[in-house]
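Q: I'd like to learn how to read a model like this one feature by feature. Can we walk through it together?

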Amino acid sequence: MTILWTIVGIVVFFLGILFSVAWHELGHFATAKWFGIKVPEFFVGFGRTVWSRKVGETEFGVKAVPLGGYVRMIGMLPPAKGEVYGRSRRTGPFQGLIDDARQASMADVGPEDADRQFYTRRPWKRIIVMAAGPIMNLVLAVVLFAIVLMGFGQMTSTLTVSTVSQCVLPATATQTDTCPPNAPLTPAAAAGFQAGDRIVSFDGQPFERWEDLQAAIRKASGTVTVVVDRGGQQVTLTPTLITTELPDLDDPEKTEQASFLGLSPLREIQRQGIDAVGTTMVDIVGQVGQKLVEMPQRVPNLFGAVFLGEERDQDSPVGIVGASRIGGQILASDAPPGQEISAFLSLLALVNISLFLFNLLPIPPLDGGQIFPAIWEAIRRRLAMLRGKPDPGPVDAAKLMPVAMTVALIFIGWSALVFVADVINPVRLS
């Protein structure tokens with residue numbers, strides 16, 4: 001059954017990624033049609049067409065290589081100034097590439113479509129069209145996290161005491177119920193805390209979250225007053241805090257000097273409110289953004305994992321294959337069904353946040369590579385108007401094609417490295 005559930009998880013998660021890609025492209029498609037831009041093609045995947053159907057003027061379909069998708073709009077690139085299509089090419093090291101891109105952009109432009117080209121739309125409309133795809137991924141991530149947090153709940157540290165540490169030991173040691181010789185009692189044990197006590201207030205201040213209480217404990221000093229609910233009765237305890245070396249709350253691999261009480265919270269799954277969805281989204285978008293910035297630093301580990309047999313980092317980047325394998329591992333785990341579904345949806349939400357941030361990078365051929373020229377065009381036109389000069393016209397994004405080709409080659413190389421790593425040395429759930 002484990003193998004069966006692994007296969008089911010891989011397939012279902014893979015379909016979830018394809019849906020995320022189609023959802024992304026739907027954002028481009030819907031806004032392009034809204035602004036009157038002609039869209040001849042809407043495909044999920046690349047390469048040879050597996051299935052397609054034409055609806056109106058748009059051909060919808062699936063291609064053989066399911067590594068992305070695209071919506072093809074006519075007139076993505078403006079014609080060169082003073083140039084007529086079909087005339088002899090100009091010279092230059094990249095001019096052939098630029099001219100080919102222009103011709104491809106004009107492939108389906110007929111006389112009746114002259115005013116339906118992408119580049120003829122005002123900059124703010126082009127920005128909306130190109131940003132709509134990533135925003136759709138962000139919306140899907142919000143919906144998925146809302147289902148997880150508000151529907152299934154999240155493992156949460158409560159204000160109820162689970163265990164009371166008996167001994168003060170170094171941060172790297174394991175807390176035990178039996179104190180070794182000469183090991184002092186923890187402040188909590190000395191003050192008489194018991195498992196099941198619910199913290200009502202600490203040093204005169206009530207708390208609703210364990211994380212806030214933990215931070216307050218670390219900042220306090222000396223003897224403090226703690227009120228607990230014990231079996232329906234409030235009991236006042238007065239522990240004397242000590243300063244010791246503790247794991248850093250932001251980076252558990254580091255330590256810090258802080259006050260210590262000696263309590264562990266009871267953890268349980270609790271449904272969260274809508275505010276938790278917003279807080280979680282802000283935190284995770286920041287974390288994923290940081291990981292994107294660190295991607296070049298991950299190349300040595302990926303190279304070692306593929307060619308040198310080195311251990312792959314647990315937080316190593318993964319592609320569609322790797323993410324799908326993790327999805328299979330989730331469904332094949334022994335966790336309760338609700339937790340499996342929650343982890344599954346959370347992973348898919350992370351994929352969508354990655355798509356959101358990655359596609360907004362201001363480099364072609366990503367969506368941000370069209371957003372940035374549109375912003376620059378709007379600025380140029382505004383400056384020209386303020387200075388009483390004529391409209392400078394659209395920014396010639398075709399000149400960025402050499403950059404787009406370079407980025408595409410780098411991305412293909414990166415994707416190939418990640419793909420091989422996901423196959424021969426995959427990231428596995430601990």
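Q: Let's start with a proline. Where is Pro 365 found?
A: First, keep in mind that this is a predicted model. Pro 365 sits in the loop between α9 and α10 (368–386).

Q: What is the peptide bond from Pro 364 to Pro 365, cis or trans?
A: The general idea is that most peptide bonds are trans. Here the bond from Pro 364 to Pro 365 is cis, and its omega is near 10°.

Q: And backbone phi? Which sign does Asp 203 have?
A: Most residues other than glycine have a negative phi. Asp 203 is not a glycine, yet its phi is positive, about 55°. You'll find Asp 203 in the loop between β4 (198–202) and β5 (205–206). There is a glycine with a positive phi too: Gly 309, which follows α7, has a value near 70°.

Q: How should I describe the surroundings of Asp 203: buried, exposed or partly exposed?
A: Buried means under 20% relative accessible area and exposed means over 50%, with partly exposed in between. Asp 203 has 49% relative accessibility, so it counts as partly exposed. Leaving aside neighbours within four places in sequence, Asp 203 is in contact with Val 224 and Thr 225. As for Thr 255, it is 52 residues from Asp 203 in sequence, and their C-alpha atoms are 25 Å apart.

Q: Let's try another loop residue. Why does Leu 77 count as buried?
A: Use the cut-off again: under 20% is buried. Leu 77 has 8% relative accessibility, so it counts as buried. This leucine lies in the loop between β2 (58–72) and α2 (95–105). Leu 77 and Ala 101 are 24 residues apart along the chain, with 7.8 Å between their C-alpha atoms.

Q: Now a polar residue in a strand. What does the side chain of Thr 58 reach?
A: For a case like this, look at accessibility and partners together. Thr 58 lies in strand β2 and counts as buried because its relative accessibility is 2%. Its side chain reaches the backbone oxygen of Val 39 at 2.6 Å. Beyond four places in sequence, the contacts of Thr 58 include Phe 29, Lys 33, Pro 40 and Phe 42.

Q: What about a charged side chain? Which residue makes a polar contact with the side chain of Arg 126?
A: That partner is Glu 377, side chain to side chain, at 2.5 Å. Arg 126 belongs to helix α3 (residues 123–152), and at 6% relative accessibility it counts as buried. Not counting residues up to four places away, Arg 126 also touches Phe 118, Tyr 119, Arg 121 and Ala 374.

Q: Moving up to whole helices, what do the buried residues of α7 pack against?
A: Begin by asking which residues face inward. In α7 (residues 299–307), Asn 301, Leu 302, Gly 304, Ala 305 and Val 306 are buried. The buried residues of α7 pack against α11 (401–424).

Q: How many residues does the largest nonpolar core have?
A: It has 28, and the residues with the most contacts inside it are Phe 13, Ile 17, Leu 144, Phe 145, Met 281 and Ile 353. The elements giving two or more residues are α1 (2–34), α3, α6 (274–293), α8 (320–332) and α9 (337–359). The largest share, 9 residues, comes from α9. Take Phe 13: among its contacts beyond four places in sequence are Ala 323, Gly 327, Phe 344 and Val 351. Apart from this core lies another, of 20 residues, including Val 164, Leu 213, Val 224 and Val 228.

Q: Where does UniProt place the feature "transmembrane region"?
A: The unreviewed UniProt entry puts it at residues 6–23, 127–152, 341–361 and 403–424. You can then check such spans against the model. Residues 341–361 are 90% helix, with end C-alpha atoms 31 Å apart. Residues 403–424 are 100% helix, with end C-alpha atoms 32 Å apart.

Q: Last one: what lines the second largest pocket?
A: For a pocket, go from volume to lining. This one has a volume of about 800 Å³. It is lined by 22 residues, of which Gln 154, Arg 209, Glu 211, Thr 280 and Asp 283 lie nearest its centre. At least two lining residues each come from β3 (154–164), α5 (210–219), β10 (263–270) and α6, and α6 supplies the largest share, 7 residues.

Methods. Residues numbered from 1 in each chain as written. Predicted model: local features only at pLDDT ≥ 70, side-chain atom pairs only at ≥ 80, totals over all residues. Heavy atoms only, no water. Helix = DSSP H or I, 4+ residues; strand = E, 2+ residues; numbered from the N terminus. Buried < 20%, exposed > 50% of the residue type's maximum accessible area, 1.4 Å probe, protein only. Polar contact = N/O pair within 3.5 Å; in protein donor to acceptor, adjacent residues only side chain to side chain. Contact = heavy atoms within 4.5 Å. Core = buried A, V, L, I, M, F, W, Y, C linked by side-chain atoms within 4.5 Å. UniProt positions renumbered as here; feature names shortened; annotations may be inferred. 1 Å grid on protein atoms, 1.4 Å probe; cavity = no way out; pocket = protein on both sides within 12 Å on 5 of 7 lines; lining within 4 Å. Points joined across faces, edges and corners; volume = space filled by probe spheres on them.
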